[in-house]
Amino acid sequence: MKYFYKILCLTLLLAGNLSLSQVSVVISEVKLNGQSIPNGSPVQLGTSTSGILRFKLAIIKPNDLTMGSVRYSIGTYTSNGVYTFQVPQEEFYLGPGNTGTTGTYEFELFNTDLDFAGGCYLSASVQQLESPNSPPTPLLNWKSNQVSLKKSPTYTITSNTNSVQCDSTTPVTFTVNSNAPGYSTYQWSYGSGWTVSGGTTGTSLTLIPGSSILNPIGVTPTFSGVVQPLKTYTMPRSQIDPTGYISGSATVCTTRIFTFEGLLANQTVAWSLSNATAGTLSSTTGTSTTFTTTGGGAVDLIATATNGCGQSYVRTLGLFAGSPPAFSLVRASNEICDDIKYHYVPYEITNRNPAFTYTYNVATYPWVNVTQSIQTYNGVIQDVLVFPKTYSGTMDIYVTTSNSCGSTAFFVEEEPISNCSGLGFRSSNSVEQFTVFPNPANDIVTIELKDSKNQFEKDTTISGELFDLQGQSKSKVKITDNKATLSVKGLNKGIYILKININDQVESHQIAVE
């Protein structure tokens, strides 16, 4: 919305004859959006679509001069002479005893009203409406100074590609785009990493990339003879293609050769180890290296592939040097018995290496059947030995782990095992009504009545719920017509307890999930 205000300062004035040269109309203190415009400089909106133009208008005359009734007009001219009022006209009387009047005005200036030719300007005029002289003299019209209004040029740089591959010699063309092409000239600049092909003036520049870092491209426009700020463009390198990998066995007994496969042209490899005490490398550069075991243990073999532009990527292969490390066996405290027939004794292996499998050989009386499963308890991996709950005695535990370099073992002699009644665990003398199969299972478990002739009453409520050894419920099933199926697919390997609730009477079954 266009609006204005003015401040009038009037003093008494003696009557006298009037001429054009006696009066001045001056526009000064021009500001665009609060920023002062230097005297003589054009007003430019830049990339903004509009802005508030604020200025001071002064009518200056001798103290004894009478101008009479006057009307002032404030507006803008386009380059083809079209005039637009920007401030409403106002009439007033200027008599003797003052040196004129001063007002401050503002209006919204739009970029669409401007052009690049420089023919647009802000101007004010003061027109005499009646002659104060006797006899009357011709009416006069005073013009102010002109404030140039110009459309601001904009410049952007584009290229014919988004990135440059390392070692590419394909020419790249950069183009400057402007909204004032007929009023602009250009000077291009470029740093190391490029070779010019053609000239460095004009709207485009063609460069051939090198193998070093590509410095930014620059262009300095000149608009209507005035040098504009430098515009820059940075051409990124394409990311290095991570095609390579390390080949070779992850177990090293004494020495082993490792090769970096899939290396592209003009790429090099640097080798290193995460643990220098585990072994040594025959070479830290080249497409292959030999690892020799010294201290042994787990170690990462690291290969860094780098191209000629300094870009790189890393590949890592986890190794184990030598035989498996020594370990020990600790009996855990979360020992439990279920309410049917099984006693679960968990063990934890100190210095356990997830890369190895630990095998238990338990020596007990021949008629005692001991099975093994794995579980996680409080974040620690446990091996669970499952005994008949009636067994009480001792056992010898022999645990081994091995790789292609050798074996490591730990032996526990005469480990005491108490029966569940001796430990105070609850036992059940109830007769199992249902059978569960297959067991072990890895998909679907079927629940059926053991004796089809021994049917339950029709109003009997029967349901099943599967728990892990920590008592966490894993799934539930409703048993209808004395039969149901239960899925164990997706469960971790180990021992689970299926509890079947028959009118609040519970029978339990151990299920091994493989």
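A residue counts as buried when its relative accessible area is under 20%, as exposed when that area is over 50%, and as partly exposed in between. Keep those cut-offs at hand. The model here is a predicted one.

Begin with glutamate 106. Its relative accessible area is 6%, so this residue is buried. Glutamate 106 does not stand alone. Its side chain meets that of arginine 54 in a salt bridge, with 2.9 Å from N to O. The two residues come from distant parts of the chain, 52 residues apart. Arginine 54 sits in strand β5 (residues 50-60), and glutamate 106 sits in strand β8 (residues 100-110). What about the exposure of arginine 54? Its relative accessibility is 30%, so arginine 54 counts as partly exposed. This bridge therefore has a buried glutamate 106 and a partly exposed arginine 54.

How many salt bridges does the structure hold? The number is eight. Another one joins the side chains of arginine 71 and glutamate 91, at 3.1 Å from N to O. Arginine 71 belongs to strand β6 (residues 68-77) and glutamate 91 to strand β7 (residues 83-94), so the bridge ties together parts that are 20 residues apart in sequence. Arginine 71 is partly exposed, because its relative accessibility is 24%. Glutamate 91 is partly exposed too, with a relative accessible area of 49%. The cut-off for exposed is over 50%, so a value of 49% falls in the middle class.

Now move along the chain to aspartate 383. Its side chain forms a salt bridge with arginine 352, again with a distance of 3.1 Å from N to O. Aspartate 383 lies in strand β33 (residues 380-388). Arginine 352 lies in the loop between β30 (342-350) and β31 (359-363). The pair links distant parts of the chain, 31 residues apart. Is aspartate 383 buried or exposed? It is buried, because its relative accessibility is 0%. Arginine 352 is at 23%, so it counts as partly exposed. Salt bridges can also share partners: Arg331, Glu335 and Glu415 are joined in this way into one network.

Next, look at the aromatic rings. A search of the whole structure finds 20 aromatic pairs. A ring pair is described by two values, the distance of the centres and the angle of the planes. Take tyrosine 72 and phenylalanine 92. Their ring centres are 5.9 Å apart and their planes meet at 55°, so the pair is tilted. Tyrosine 72 is in strand β6 and phenylalanine 92 is in strand β7, 20 residues apart. Tyrosine 72 has a relative accessibility of 1%, so it counts as buried. Phenylalanine 92 is buried as well, because its relative accessible area is 14%.

Tyrosine 72 has another aromatic partner, tyrosine 105. That pair is edge-to-face, with 5.6 Å from centre to centre and 65° between the planes. Tyrosine 105 sits in strand β8, and 33 residues separate it from tyrosine 72 in strand β6. Both tyrosines of this pair are buried. The picture widens further, since Phe55, Tyr72, Phe92, Tyr105 and Phe107 form one aromatic cluster.

Strand β9 (residues 120-128) brings a polar contact into view. Glutamine 128 is found in this strand. Its relative accessibility is 2%, so glutamine 128 counts as buried. What lies 3.1 Å from a polar atom of its side chain? The answer is the backbone oxygen of methionine 67.

Turn now to a sheet. Four strands make an open sheet in the order β20-β22-β25-β24, with antiparallel pairing. Why do β20 (245-247) and β24 (279-281) stand at the edges? Each has a single partner strand, so one side of each is left without a neighbour in the sheet. From one strand to the next, the twist averages 25°. Inside the sheet, strand β22 (residues 255-261) and strand β25 (residues 288-293) pair over five bridges. One contact to find by eye is threonine 259, whose bridge partner in β25 is serine 288.

Finally, step back to the whole chain. The domain assignment gives domain 1 (21-150), domain 2 (155-233), domain 3 (245-321), domain 4 (328-417) and domain 5 (434-513). Taken over C-alpha atoms, the centres of domain 1 and domain 2 are separated by 44 Å.

Terms used
Residues numbered from 1 in each chain as written. Predicted model: local features only at pLDDT ≥ 70, side-chain atom pairs only at ≥ 80, totals over all residues. Heavy atoms only, no water. Buried < 20%, exposed > 50% of the residue type's maximum accessible area, 1.4 Å probe, protein only. Polar contact = N/O pair within 3.5 Å; in protein donor to acceptor, adjacent residues only side chain to side chain. Salt bridge = Lys/Arg side-chain N within 4 Å of Asp/Glu carboxyl O. Pairing = 2+ DSSP bridges. Axes fitted to C-alpha atoms, helices over the stretch in contact; angles between N-to-C directions. Domains from an automatic or database assignment. Phe/Tyr/Trp six-rings, centres within 6.5 Å; stacked < 30°, edge-to-face > 60°.
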